[in-house]
Amino acid sequence: MNWLRKKHGAALIVWLVLTIVAVVCLPNTSRLVREKGQINLPASSESTRANRLAQKIGDKKGTDSVAIVYHKSSKITKADQRQINKKVSKLEKHKARYHVTTVTSAKDGEAVAKQVISKNGRTELVNVALKKGAGFDQRAQQVKNQLAVSGIKTYVTSDQLLDDEFSNVAEEGIKKTEVVAVVFILIVLILVFRSVIVPLVSLLSVGIAMFISLSLVMNMAKYFNFPISDFTQVFLVIILFGIGTDYNILLYDKFKEALGDHDRYQAIDIVKKTAAHTVLYSGLSVFIGFAALALAKFSFYRSAVSCSVGIIVLLLVLLTLNYFFMATLGRRLFWPSKKFNGEQKSMVWSFLARQGVQRPLLYLGVFVAIAGIAIAKAPQLLNYNSADEIPNSNPIKRGYLIAQRDFSKGKISPVTINIQSAHALDNQTDLAAIDSLTNALKKETGVKQVMSVTQPTGRPIKQLYVGNQLATLLKGMQQAQTGLGTIKAGLQSADSQLSSANLQQGLAQVQRLADGSQQLASASNQLTSGLSQYVQGTSQYVNGASQLTGGLGQLNAKVTPFANGISNVTAASQELNQQVTAANRQIQQLAAISGSNPSAQQIAQLNQGTSQLAGALTTINRQLPNLTNGISQLANGGQSLANGGSQLISGGSQLMAGSQSLNSGISQVNAGVQQLNQQLQELSGQVSQLQSGLDQAVTGIAKVQAGISTASSYLTDLRKSPTGKQFNIPKSQLQASALHDSYQTYMSNDRKVTQISVVLKEDPSGHTSAKDVARLTRDIKAQTKATALDGATVAVGGQSSQIVDLEQLAQNDFKRTALIMIAGISIALLFVTRSVMETGVIVGTLIGTYYAAIDLTAQITGHFFSNSQLTWNAPFFAFIMLFALGVDYSIFLMMRYRNRELVEPQKQVDHILSSATTIGAVVISAIIILSGTFAALLPSGVLTLIQVAVIVIIGLMILMVALPVVISAYIKLAYSNSADQQS
């Protein structure tokens with residue numbers, strides 16, 4: 001147990017066990033950094049609020065989008081397009097397998113094709129939304145492999161993938177840094193101590209501290225959300241190996257010095273009383289500086305607190321485990337060196353300190369002037385584009401650059417304006433307000449394209465605008481104007497005809513027509529009456545003819561006995577003559593009634609027969625044969641006469657029927673004519689009113705036409721005015737299926753959140769875009785208040801908005817964090833220096849050194865790197881590194897100075913000169929080691945690490961010169977007492 005205590009063996013056992021536990025329990029740092037080490041902006045920041053709202057949009061819930069970039073040196077052919085469409089269709093069938101929610105490609109329509117195919121035809125995009133979750137980058141690569149087309153270069157890219165790739169690049173850079181740093185430190189320590197053993201022991205103790213610190217930090221991050229970042233591991237390595245090596249140099253240098261006059265155990269005690277105190281004070285000062293970062297608001301800056309954990313572990317390891325090696329190995333630590341002859345001296349620091357003492361005002365003035373110029377020239381513009389950290393040869397970066405070149409630079413990373421209302425926005429008023437904002441955004445500086453629920457392809461839908469609707473209305477009004485002109489012409493023609501017509505003459509003619517009609521009706525009645533008499537006479541005539549025929553028949557029958565009785569014939573002849581006379585009278589009466597003799601031939605025959613009969617009666621005795629013939633002829637004539645009478649009866653009946661019909665028609669005509677005459681007489685009084693009405697109608701139509709013409713002129717002007725560009729969707733179209741896709745893409749399911757997507761002309765990560773978005777954010781919020789959306793929540797998101805928030809947060813919190821760190825370190829320095837002025841001089845020297853290093857690095861970066869701007873986080877890391885290291889070296893110097901002053905007061909100038917001479921060797925060795933350690937960051941390929949390395953190396957070089965000069969000059973001015981103290 002005595003050996004264990006004396007040899008500090010317990011420390012070795014404890015630290016070996018802890019190291020094994022740390023290695024076994026070390027989480028997967030790469031995965032942990034991806035999950036919890038990304039930059040998280042405060043929940044109250046603009047872009048974070050926008051992101052929360054964006055997650056409510058229909059197609060964007062729980063997703064991140066990636067862009068598949070197809071590129072050829074020549075134009076993409078139709079055959080290539082068919083292959084791409086085929087691949088897309090196959091992916092759409094297997095969405096679940098690849099965790100895909102939506103796919104947007106050229107096959108979705110001509111409007112979409114214009115958006116995703118470059119103007120030169122060489123590049124085409126397919127946008128794929130993937131579900132969030134672990135392994136996002138791996139799933140993105142699987143989608144890319146699924147969509148890859150032979151003969152076309154296929155890339156996958158997105159902001160998220162670029163961030164993940166930066167983590168990969170940083171991780172690879174860390175591996176290079178660790179190896180280079182260890183090799184460099186080993187070589188420098190061998191040169192400093194002229195030994196192989198001390199460098200190995202130093203690296204072992206620092207390595208144990210590094211493994212335990214890394215495991216402790218990562219486990220706290222895993223289980224307690226301890227802040228970490230992509231740079232946590234690399235800066236733990238740099239800080240612990242750099243500062244740890246410095247502390248080891250101080251400890252082992254003092255141990256070697258003490259071994260010159262003491263044994264190993266006494267030397268250890270001396271180390272504990274002197275160098276260990278310096279290391280403890282220095283380490284605690286650095287710890288306080290890093291621990292103060294816990295008060296930072298920005299999680300990225302808080303992640304530097306991990307260095308404070310490493311510092312505590314480092315101090316515990318170095319101030320325990322080193323004693324074991326000292327006690328166990330003793331002088332053999334410095335094998336093969338055998339020189340143990342006192343303190344080392346630095347002639348460089350001795351010279352610099354004397355210069356400060358001899359010309360204090362000059363050198364202080366020069367330093368203040370240089371620092372003032374550096375502060376005035378400090379770079380104000382920093383690079384917030386994480387893609388610049390990734391080599392251009394990287395496939396993800398390559399696809400990103402191709403998309404920027406062939407499309408707008410903001411195509412891959414559009415700005416999103418998210419608007420949330422308390423009510424659904426799918427109504428006429430709110431959609432019109434959204435469209436108004438969309439058009440207003442198009443007028444903003446730096447904007448390439450704007451897409452929203454009312455303009456899903458970036459172009460207005462013409463049918464939904466007042467101008468187009470007015471054009472349709474004007475066309476209808478023109479047709480109405482033409483129709484009114486036709487009606488007006490017809491009315492004017494009617495009026496003209498009425499005016500030119502002789503109405504009185506027409507009425508007189510109608511009156512004459514009525515009179516004639518009345519006369520015709522009277523004549524028709526007379527005709528009917530005459531025809532009735534005619535029919536009656538004809539009947540009598542037929543009866544008489546029948547009797548005559550019968551008598552002739554009898555006469556003919558008695559012709560034979562005629563000869564026997566002439567007396568009888570004579571009597572019969574007389575009787576016959578009477579009958580003929582009576583028949584003749586009847587015929588004459590009938591002829592008088594009808595006005596004609598319809599049977600003149602028969603009557604003539606009858607007269608001839610009677611004449612013959614009379615002659616026959618006269619000469620009957622003489623011509624008896626002739627009598628017989630005459631009787632026969634008379635019989636025939638009687639038969640004809642009877643037949644003619646029948647015809648007269650038939651014709652009379654027909655005449656009677658026709659006369660009756662004619663009489664009925666004439667009566668109707670007469671009644672109609674009389675009625676027409678009466679109505680026309682009544683109408684004649686209304687014609688003047690009709691003409692007056694026609695005149696009024698023509699006048700009214702003329703006024704209507706004039707009104708339509710005026711309205712058309714007004715509507716035409718209105719159509720050409722800004723009002724014509726206003727959005728106006730009919731109610732019937734609000735829930736049309738044609739708008740469903742637009743609603744789903746740009747609105748939440750409850751329609752209370754909508755998104756407007758803005759593509760910028762410039763790189764979304766550049767300063768120009770950041771300024772544009774900052775102005776756009778102010779403008780869009782002001783414009784929203786002037787619309788129906790007043791009172792809605794508006795948040796602007798996207799890469800550019802994140803950079804605006806990041807810039808504002810980083811700059812403000814950097815200043816705040818820097819003040820906190822300076823305050824913490826100043827308090828620690830007060831305990832060391834016991835002087836406010838000395839503390840102020842040291843802090844001022846560190847601040848001046850930082851700004852000078854920043855200024856020189858900016859110039860170097862501009863000359864030797866493609867990007868002349870410093871990355872946004874390089875100044876922060878450089879600041880905390882330079883302050884931590886500068887405080888170390890200042891404490892090294894001031895502790896040696898204070899120890900000497902305690903022994904011999906009132907000789908401050910001598911003490912500062914001797915302290916600078918003795919501690920200078922340690923500080924210069926430490927600066928060389930640290931410069932080499934930071935130089936190990938140069939081959940990392942990560943721009944931030946390279947710039948931090950350059951700043952720190954330049955700052956260390958400046959400190960190596962400024963620290964002895966400035967502090968010596970101050971001591972000279974503050975404590976000058978005699979000339980001999982200056983020798």
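1. Which strands does helix α8 lie across, and at what angle does α8 run to β3? Helix α8 (residues 136–147) lies across β1 (63–71), β2, β3 and β4. Its direction is about 135° to β3. Helices are DSSP runs of H or I with at least four residues, strands are runs of E with at least two, and both are numbered from the N terminus. Axes are lines fitted to C-alpha atoms, for helices over the stretch in contact, and angles run from 0 to 180 degrees between N-to-C directions. Contact means heavy atoms within 4.5 Å.

2. A word on the basis. This is a predicted model, in which local features need pLDDT of at least 70 and side-chain atom pairs count only at pLDDT 80 or more, while totals for chains, interfaces and linings use all residues. Residues are numbered from 1 along each chain as its sequence is written, and side-chain values use heavy atoms, with hydrogens and water left out.

3. The sheet under α8 comes next. Four strands form this open sheet, in the order β2-β3-β1-β4, with antiparallel pairing. Two strands pair if DSSP finds at least two bridges between them. β2 (100–104) and β4 (153–157) stand at the edges with a single partner strand each, so one side of each has no neighbour in the sheet. On average, neighbouring strands here are turned by 20° against each other, direction ignored.

4. Now one pair in that sheet. β2 and β3 (residues 123–131) run antiparallel and are joined by four bridges. Val 103 stands opposite Val 128 in β3.

5. Next, a helix pair. α11 (residues 232–258) and α12 (residues 264–273) pack at about 135°, with axes 9 Å apart. That makes α11 oblique to α12; angles under 35 degrees count as roughly parallel, over 145 as roughly antiparallel, 65 to 115 as roughly perpendicular and the rest as oblique. From α11, the contact uses Leu 251, Lys 254, Phe 255 and Ala 258. From α12, it uses Arg 264, Ala 267, Ile 268, Ile 270 and Val 271.

6. A second sheet follows. Four strands form an open sheet in the order β7-β8-β6-β9, and the pairing is antiparallel. β7 (447–451) and β9 (793–797) are the edge strands, each pairing on one side only. Neighbouring strands of this sheet are turned by 20° on average, direction ignored.

7. Inside this sheet, six bridges join β6 (residues 415–420) to β8 (residues 753–760), and the two run antiparallel. Thr 416 stands opposite Ser 757 in β8. Helix α19 (residues 428–442) lies across β6, β7 and β8, running at about 15° to β8.
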